[in-house]
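Dear colleague,

Please find below the structure I promised to hand over, together with its sequence. My notes on what was found in it follow.

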Amino acid sequence: MSKGRIRVKLKSYDSRVVDQSATKIVDTAIRTGAKVSGPVPMPTKRERITVLRGPHIDARSREHFDVRTHVRIIDIDNPTLSTMDQLSHLTLPAGVGIEIKA
C-alpha cells in the first residue's frame, strides 16, 4: 500500500447529482480497501444575476436569477493502485465537475 492522500472535489449545479456521484466514489474507494473521509458538503456558492424586465415603461422592474454551485470534498487515505485504477474508469453523470489532487 502506498502512503498518501487523494482529495476529490466535486462541483455541480444540482445537489442530487453531486450526492449520487459522491456515493459512487465512496463505494468504489471502500471496495478497493482505502480509508475514506467524507463527503464533506462545502458552503453553496450563490451567484445572482439581475435583468431589467422592460426598459421603457417599467424601468425599475427587475428580475433576479441565481445560480447555485454545490461542492463536496472527499479525502481518500492510503489509496492502492486498484483504487486509482477504479476511480479513473468510473463513469459519472453529466454535469458534474471532478478535480482529483494527489
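Leu10 of this predicted model has contacts with a wide set of residues beyond four places away in sequence: Val18, Ser21, Ala22, Ile25, His70, Val71, Arg72, Ile74, Leu92, Val96, Gly97 and Ile98. Leu10 also belongs to the largest nonpolar core, a group of 14 residues in which Val8, Leu10, Ile25, Ile74 and Ile76 have the most contacts. At least two residues of this core come from each of β1 (5-12), α1 (15-31) and β4 (62-77). Helix α1 supplies the largest share, with six residues. In soluble globular proteins, nonpolar side chains tend to be buried together.

A second position that I would bring to your attention is Thr83, which is part of helix α2 (residues 81-88). Its relative accessible area is 1%, and Thr83 therefore counts as buried, the cut-off being under 20%. Apart from neighbours within four places in sequence, Thr83 touches Ala29, Thr32, Ala34 and Ile76; Ile76 is one of the core residues named above. Between Thr83 and Ile25, which are 58 residues apart along the chain, the C-alpha separation is 9.9 Å.

As to annotation, the unreviewed UniProt entry assigns residues 7-101 to "domain: Small ribosomal subunit protein uS10". In the model, this span is 26% helix and 44% strand, and its end C-alpha atoms are 5 Å apart.

With kind regards

Note on methods. Residues numbered from 1 in each chain as written. Predicted model: local features only at pLDDT ≥ 70, side-chain atom pairs only at ≥ 80, totals over all residues. Heavy atoms only, no water. Core = buried A, V, L, I, M, F, W, Y, C linked by side-chain atoms within 4.5 Å. Buried < 20%, exposed > 50% of the residue type's maximum accessible area, 1.4 Å probe, protein only. Helix = DSSP H or I, 4+ residues; strand = E, 2+ residues; numbered from the N terminus. Contact = heavy atoms within 4.5 Å. UniProt positions renumbered as here; feature names shortened; annotations may be inferred.
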